[in-house]
Amino acid sequence: MWKTGICAALASLLVSSVYADDLQTCSDRQFSVEAPNDELLETLCHAAPRIRDTLSDCGLTQTRPLTIKVVDELSHKIGNCLAWFDCDHDSIRLTNPARYPEVIDQDSPYATLPADVLLENALTHELVHALITQSANGREVSLIDHEYIAAALELELMEPQWRDVLISAAPVSLPPKTGLIDIWIYGLEPRKFATNAWQHFSLQQNGCGLVERIVQGDETLSRSSR
Ligand SMILES: [Zn+2]
């Protein structure tokens, strides 16, 4: 069984099915959406600018238009995913929430979230990757820094009741551990990685200030540089 996850930005992608030729520009013209129905189109056109504006509190800004495509299934070489950011094309791909019951393992913490909550969570995670890439303005941001920020902000922006669901499904004892901000932990225990990232981000000395320092190239959590 493939592991279901919300995946990173940095590998090639096979898309089994895209709703072709139906890209619509949102009223916020910085976003275009391709979706199988108007309700989902509207949901995404509203959610994306709202999430982007919230992320600007952490110095993440949109400098180029982004495309969001809803697909029946995503797959790439590290497993099936709920969402994907293609940094070469400023394009986010999201699995159609109508397919969640088929693509999410029943024992996954994602299975306990309502589809709209999970969709927003996946969109937030990928928007963070997109806006890190755009805000870094050509500077390389390491994979671990990317995933740390995406995991921390994905949880930070959730309603506390749903955040608690994900955190209780993958608890990590306090205080946060820098040693868990590690690409192997991310690969093997992505929800524990995320819990620890959010707990680390939540420390007073970290927060949006740390995100900005990372994106500006002044700090990294990459082990090779610690
Ligand atoms: Zn990611």
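User: Let's start with histidine 129 and glutamate 147: are they buried or exposed?

Analyst: Keep in mind that this is a predicted model. Both histidine 129 and glutamate 147 are buried.

User: What do they bind, and which atoms do the binding?

Analyst: Look for the donor atoms around the metal. The zinc ion has His125 (NE2), His129 (NE2) and Glu147, whose OE appears twice, as its protein donors, at 2.0 to 2.7 Å. Along the sequence, the donor residues follow the spacing H-x3-H-x17-E. Histidine 129 sits in helix H3 and glutamate 147 in helix H4 (residues 143-156), so the pair, 18 residues apart, links distant parts of the chain.

User: How do I read the H-x3-H part?

Analyst: An α-helix has 3.6 residues a turn, so residues three or four places apart point the same way.

User: Which geometry does the zinc site have?

Analyst: Ideal angles for four tetrahedral donors at a metal are 109.5 degrees. Here the four donor atoms make angles of 52 to 155°, and the site of the zinc ion is irregular.

User: How many residues of H4 are buried?

Analyst: Twelve of its 14 are buried, so H4 is largely enclosed by the rest of the structure. Among the buried ones are His146, Glu147 and Tyr148. Their cover includes helix H1 (38-55), H3 and helix H5 (160-169). From first C-alpha to last, H4 reaches 20 Å, close to the 20 Å expected at 1.5 Å a residue.

User: And where is serine 108?

Analyst: Serine 108 is in the loop between helix H2 (100-103) and helix H3 (115-135). Its relative accessibility is 11%, so serine 108 counts as buried. A polar atom of the serine 108 side chain lies 3.0 Å from the backbone nitrogen of tyrosine 110.

Key. Residues numbered from 1 in each chain as written. Predicted model: local features only at pLDDT ≥ 70, side-chain atom pairs only at ≥ 80, totals over all residues. Heavy atoms only, no water. Helix = DSSP H or I, 4+ residues; strand = E, 2+ residues; numbered from the N terminus. Buried < 20%, exposed > 50% of the residue type's maximum accessible area, 1.4 Å probe, protein only. Polar contact = N/O pair within 3.5 Å; in protein donor to acceptor, adjacent residues only side chain to side chain. Donors = N, O, S within 2.8 Å, 3.2 Å for Na, K, Ca; no water. Tetrahedral: all angles 85-135°; square planar, octahedral: opposite > 155°, others 65-115°. Expected span 1.5 Å × (residues − 1). Contact = heavy atoms within 4.5 Å.
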